[in-house]
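Open your viewer, switch on a cartoon view, and keep the selection box handy. We will go from stop to stop, choosing what to select next and looking at what is there.

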Number of protein chains: 2
Amino acid sequence: MTMSKHCNYLQVLKRNSVDPTPLREAVLRSIAEQTRPLAATEIMAAVQIRTSINKVTLYRILDLFVDKGLVKRLSAGDRAFRYGMGETHHHQDHAHFVCTRCGVMECLEPELFHMDVKKLHIKGKRIINHVDVRFEGICENCRE
Amino acid sequence: MTMSKHCNYLQVLKRNSVDPTPLREAVLRSIAEQTRPLAATEIMAAVQIRTSINKVTLYRILDLFVDKGLVKRLSAGDRAFRYGMGETHHHQDHAHFVCTRCGVMECLEPELFHMDVKKLHIKGKRIINHVDVRFEGICENCRE
DNA sequence: TTCTGAGTTGCAACTCAGTTGCATATATAT
DNA sequence: ATATATATGCAACTGAGTTGCAACTCAGAA
Ligand SMILES: [Zn+2]
Ligand SMILES: [Zn+2]
Ligand SMILES: [Zn+2]
Ligand SMILES: [Zn+2]
């Protein structure tokens, strides 16, 4: 799930046709170096450690990343979206888990749960592009 | 999915240990008489047709219903929750579909997709209480 | 009957996450 | 150097839901 600390984020940005800027690199790095999707405020805090960034800029960068498929916007069942890395060859699609006690969202191993969207054209004349699977419960930490 | 128009909502409230009041009945009816989960503003509008209701009261009634399991709070991938009827013997758990063009949320036939949460204790020491499956795509209306 | 207290509703003001408009800064092209 | 496009910042705004508190309702006690 985590990208290497030595990954060249500027390259990743270029490959995804995003003009590389210091702030964009910092935002991408903050998301990529995590094992779980983060809320915008958490990303904000992570970026602020090194660089100063305005929240509007952050949201605009997040929108851009989501648009380019670089990042995925996930709903955690509360009011704040979480942002995690998008799918790539070495980053498979996977389900997520949200702790209803502490609110933390965790990525689940892709093997634990997989669904083939292609096979779901069935029923009605809807076009299905994506499935979002969210497990809810109590995380390891909160079980005490 | 829909409850009968002639269903006695006051009885339903009592069975779920909720003090029956005119507003609570109106809110429950507005949710129950739909084929899809509604946003709070939609429920508001539906109730307003017959009775006047304050939004704080509505949210408090929704919280109460969700608490009692009478109603389920669903995230549609946008910022507004949707509220649909909770599980009963004649209202099975089911997945939902959200149109990314018009934002409408639809209930999917329970047969289309079913998952047994009991079988998912696997992996890690998490306790899993619930699975939320949301399909995204283009609805029949928006395909034109 | 009147009084009391729990439960219900309404109103104003607030929070929180995100957005809009517009001005400034930075980069790229001519 | 000048023009154009893109990126960032700041203030004010929005939409969905929440909080605090006062007013109302209604069952049971005195
Ligand atoms: Zn937890
Ligand atoms: Zn993930
Ligand atoms: Zn649609
Ligand atoms: Zn439903």
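The tour below starts at the DNA, moves on to the zinc sites and ends among the strands. Please keep in mind throughout that this is a predicted model.

**Stop 1: DNA strand D and its surroundings**

Select DNA strand D and show the protein residues around it. There are 22 of them, and those that come nearest are A:T21, A:R24, A:R60, B:K55 and B:Y59. If you colour this surface by residue class, you will find 9 nonpolar, 5 polar and 8 charged residues.

Now colour by secondary structure. In chain A, α2 (22-32) and α4 (55-68) each give at least two residues to the surface near DNA strand D, and in chain B the same is true of α3 (40-48), α4 (55-68) and β3 (81-85). Which element supplies the largest share of this surface? It is α4(B), with 5 residues.

Next, look at the DNA side. Of the atoms of DNA strand D within 4 Å of the protein, 61% are sugar or phosphate atoms, and the rest belong to bases.

**Stop 2: three polar contacts with the strand**

Zoom in on chain A and pick these residues one by one:

- A:R60 places a polar side-chain atom 2.8 Å from a base oxygen of DNA strand D.
- A:R79 has a polar side-chain atom 3.0 Å from a sugar or linking oxygen of DNA strand D.
- A:N54 uses its backbone: an N or O atom there lies 3.2 Å from a phosphate oxygen of DNA strand D.

**Stop 3: the zinc ion in chain A**

Select ligand 2, a zinc ion, and show its donors as sticks. They are A:H94 (NE2), A:H96 (NE2) and A:C107 (SG), at 1.9 to 2.2 Å. Along the chain, the donors follow the spacing H-x1-H-x10-C. A:H96 lies in strand β4 (residues 96-99) of chain A and A:C107 in strand β5 (residues 105-107), so the pair ties together parts 11 residues apart in sequence. A:H96 counts as buried because its relative accessibility is 6%. A:C107 is buried too, at 13%.

**Stop 4: the zinc ion in chain B**

Move to ligand 3, also a zinc ion. Which protein atoms are its donors? You should find the SG atoms of B:C99, B:C102, B:C139 and B:C142, lying 2.3 to 2.4 Å from the ion. The site is tetrahedral, with angles of 105 to 115° among the 4 donor atoms. In sequence, the donors are spaced C-x2-C-x36-C-x2-C. B:C99, in strand β4 (residues 96-99) of chain B, and B:C139, in the segment after β6 (127-138) of chain B, link distant parts of the chain, 40 residues apart. Both B:C99 and B:C139 are buried.

**Stop 5: strand β6 of chain B**

Stay with B:C99 and follow its bridge partner, B:G137, into β6(B). Here β4(B) and β6(B) run parallel and are joined by 4 bridges. Then bring chain A back into view: strand β6 (residues 127-138) of chain A pairs with β6(B) in the antiparallel sense over 11 bridges. To find your place in this pairing, pick A:D132, which stands opposite B:R134. Of the 12 residues of β6(B), 9 are buried, so this strand is largely enclosed by the rest of the structure.

**Last stop: B:L38**

Finally, select B:L38 in strand β1 (residues 38-39) of chain B. Is this residue buried or exposed? B:L38 is buried, with a relative accessible area of 4%. Add B:R73 and draw a C-alpha to C-alpha distance: B:L38 and B:R73 are 9.7 Å apart in space and 35 residues apart in sequence.

Definitions and conventions. Residues are numbered from 1 along each chain as its sequence is written. Chains are lettered from A and ligands numbered from 1 in the order in which they are written. This is a predicted model: local features need pLDDT of at least 70, side-chain atom pairs count only at pLDDT 80 or more; totals for chains, interfaces and linings use all residues. Side-chain values use heavy atoms; hydrogens and water are left out. A residue is near a molecule or strand if one of its heavy atoms lies within 4 Å of it. A polar contact is a pair of N or O atoms within 3.5 Å; within protein, one must be able to donate a hydrogen and the other to accept it, and residues adjacent in sequence count only if both atoms are side-chain atoms. Ala, Val, Leu, Ile, Met, Phe, Trp, Tyr, Cys and Pro count as nonpolar, Asp, Glu, Lys and Arg as charged, and the others, Gly among them, as polar. Donors are N, O and S atoms within 2.8 Å of the metal (3.2 Å for Na, K and Ca); water is not among the atoms, so sites may look incomplete. Buried means under 20% relative accessible area, exposed over 50%, partly exposed in between (1.4 Å probe, protein chains only). Four donors count as tetrahedral if all angles lie between 85 and 135 degrees; four count as square planar and six as octahedral if opposite donors are over 155 degrees apart and all others between 65 and 115; anything else is irregular. Two strands pair if DSSP finds at least two bridges between them.
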